[in-house]
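I opened my notebook and set out to follow some strands and one loop residue. My notes are below the picture.

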Amino acid sequence: MVPTDKAPFALRRETGDLAEGAAKLAGEIGSAGVEAVLAQANRLAVRKGASSALGAMSPRPAEWYAFDDKDQDTVDWYPQGLTCSDESGSIGVPAFLATWYFKPEVGERGIRLSFLSPKTLKYQHALLVTAKPDGSYGPINIHAGGVACDGDLVYVADTKRGLRVFDLKRVLDLRTAQNDLGDPKQIGRHGGKFHAFGYRYVMPQTDFWKIAKPGPLFSFVSIDRSGGTPRLVTGEYRENDPGGWVGRWSLGLSGGEPEDAFVMGQPKIQGAISWGGKWYLSQASGANANGKLLVHADGKLQTRQLPVGPEDLTVQGGKLWSVTEFRNRRIIFGVPL
């Protein structure tokens with residue numbers, strides 16, 4: 001972890017008409033709180049299911065939750081980002097929030113956010129969309145490699161552009177506006193009805209923090225709440241290059257450069273968080289090998305084993321959590337800090 005120049009990673013705010021479009025859509029559809037979404041969630045996770053995700057990991061995670069059979073088996077959707085109610089500080093019940101991206105190049109459906117209760121194991125998907133002031137809306141075609149939550153604000157990594165922002169007060173329930181969920185093959189407003197590829201909930205983007213100058217990649221995002229001043233952590237995945245960066249920003253982004261930035265010195269980093277004076281990095285090893293947790297502290301590097309395909313990182317209940325991406329190996333898991 002070597003300090004580096006902060007200037008290349010500067011962000012600027014470009015809200016445009018995003019907030020206006022989101023407000024228009026919310027005014028017509030109506031919002032639901034996270035607690036209400038989880039109370040009626042239509043999918044059920046399996047505690048300590050999909051154990052093949054663990055590979056040769058020893059010891060096993062302290063706890064893990066597997067997505068249901070349909071979400072395990074799909075080749076269309078892949079989990080990437082993970083945040084939680086502890087990170088948010090405003091969600092009234094224990095919860096994990098995970099981003100997925102749609103992989104097929106044909107029939108783009110964008111990205112979605114899953115709300116999962118570790119108490120009931122129920123979870124629900126919501127489609128993330130962009131809305132216009134005229135009431136139209138559509139999917140967002142990005143990788144969504146990381147997600148973080150501060151209060152009601154949800155930050156989603158947009159690899160080549162920066163950070164897209166969503167609002168937990170803008171989880172919109174189509175059933176409050178109409179009797180059905182519309183055409184599962186359509187998105188937007190058609191024939192006087194709302195459509196979201198069959199999803200009950202949509203979340204319109206409300207803000208955008210864009211990279212000031214092209215070059216750096218925003219692959220993942222998390223929040224460090226271990227000290228007196230919480231910080232937003234962002235970073236860059238590089239496949240076979242140890243030159244990927246991480247940076248820390250003061251919450252309540254005001255633009256400009258991060259507070260600090262570092263070169264990680266490791267390739268294939270899928271997620272990062274600083275916590276208690278240490279840096280935690282999740283490192284991928286492909287679809288058939290265990291990932292690694294790299295812990296930097298006092299100039300030393302420790303390596304631990306993780307499940308296959310670890311992604312973004314977050315902290316909940318004093319544990320470090322991540323989500324895995326590969327088919328039939330999709331879990332949310334927690335390990336000691």
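These entries record what I looked up, entry by entry.

**Entry: the model.** I noted that this is a predicted model.

**Entry: a sheet.** I looked up an open sheet of four strands. Its order is 22-23-24-25, and the pairing is antiparallel. Which strands lie at the edges? I found strand 22 (269-275) and strand 25 (300-308), and each pairs on one side only. From one strand to the next, the twist averages 20 degrees. I reminded myself that strands of a sheet pair through backbone hydrogen bonds, either parallel or antiparallel.

**Entry: walking across the sheet.** I started at strand 22. Six bridges join strand 22 to strand 23 (residues 278-283). In this pair, A272 stands opposite L281. Next I went from strand 23 to strand 24, where I found five bridges. There L281 stands opposite L294. These two strands form a hairpin with six residues between them. In its turn, G286 has a positive phi of about 95 degrees.

I then took the last step. Strand 24 and strand 25 are antiparallel and pair over seven bridges. H296 stands opposite L301 in strand 25. Their hairpin has two residues between the strands, and D298 takes a positive phi near 55 degrees.

**Entry: strand 24 again.** Why is strand 24 (residues 290-297) called largely enclosed by the rest of the structure? Seven of its eight residues are buried, so I wrote it down as largely enclosed.

**Entry: strands 18, 19 and 20.** I moved to strand 19 (residues 231-235). Is it mostly covered or mostly open? I found it mostly covered, with four of its five residues buried. Strand 18 (residues 220-224) runs antiparallel to strand 19, and five bridges join them. S222 stands opposite V233 here. The two strands form a hairpin with six residues between them. Strand 19 also pairs with strand 20 (residues 245-250), antiparallel, over five bridges. In that pairing, R231 stands opposite S250.

**Entry: L181.** Where does L181 sit? I found it in the loop between strand 14 (172-173) and strand 15 (187-190). Its relative accessibility is 18%. Buried means under 20%, so L181 counts as buried. I checked its contacts, leaving out residues up to four places away in sequence. L181 touches L174, R175, F194, H195, A196, G198, Y199 and R200. For Y199 I also noted the spacing: L181 and Y199 are 18 residues apart in sequence and 6.7 Å apart in space, C-alpha to C-alpha.

Conventions:
Residues are numbered from 1 along each chain as its sequence is written. This is a predicted model: local features need pLDDT of at least 70, side-chain atom pairs count only at pLDDT 80 or more; totals for chains, interfaces and linings use all residues. Side-chain values use heavy atoms; hydrogens and water are left out. Two strands pair if DSSP finds at least two bridges between them. Axes are lines fitted to C-alpha atoms, for helices over the stretch in contact, and angles run from 0 to 180 degrees between N-to-C directions. Buried means under 20% relative accessible area, exposed over 50%, partly exposed in between (1.4 Å probe, protein chains only). Contact means heavy atoms within 4.5 Å.
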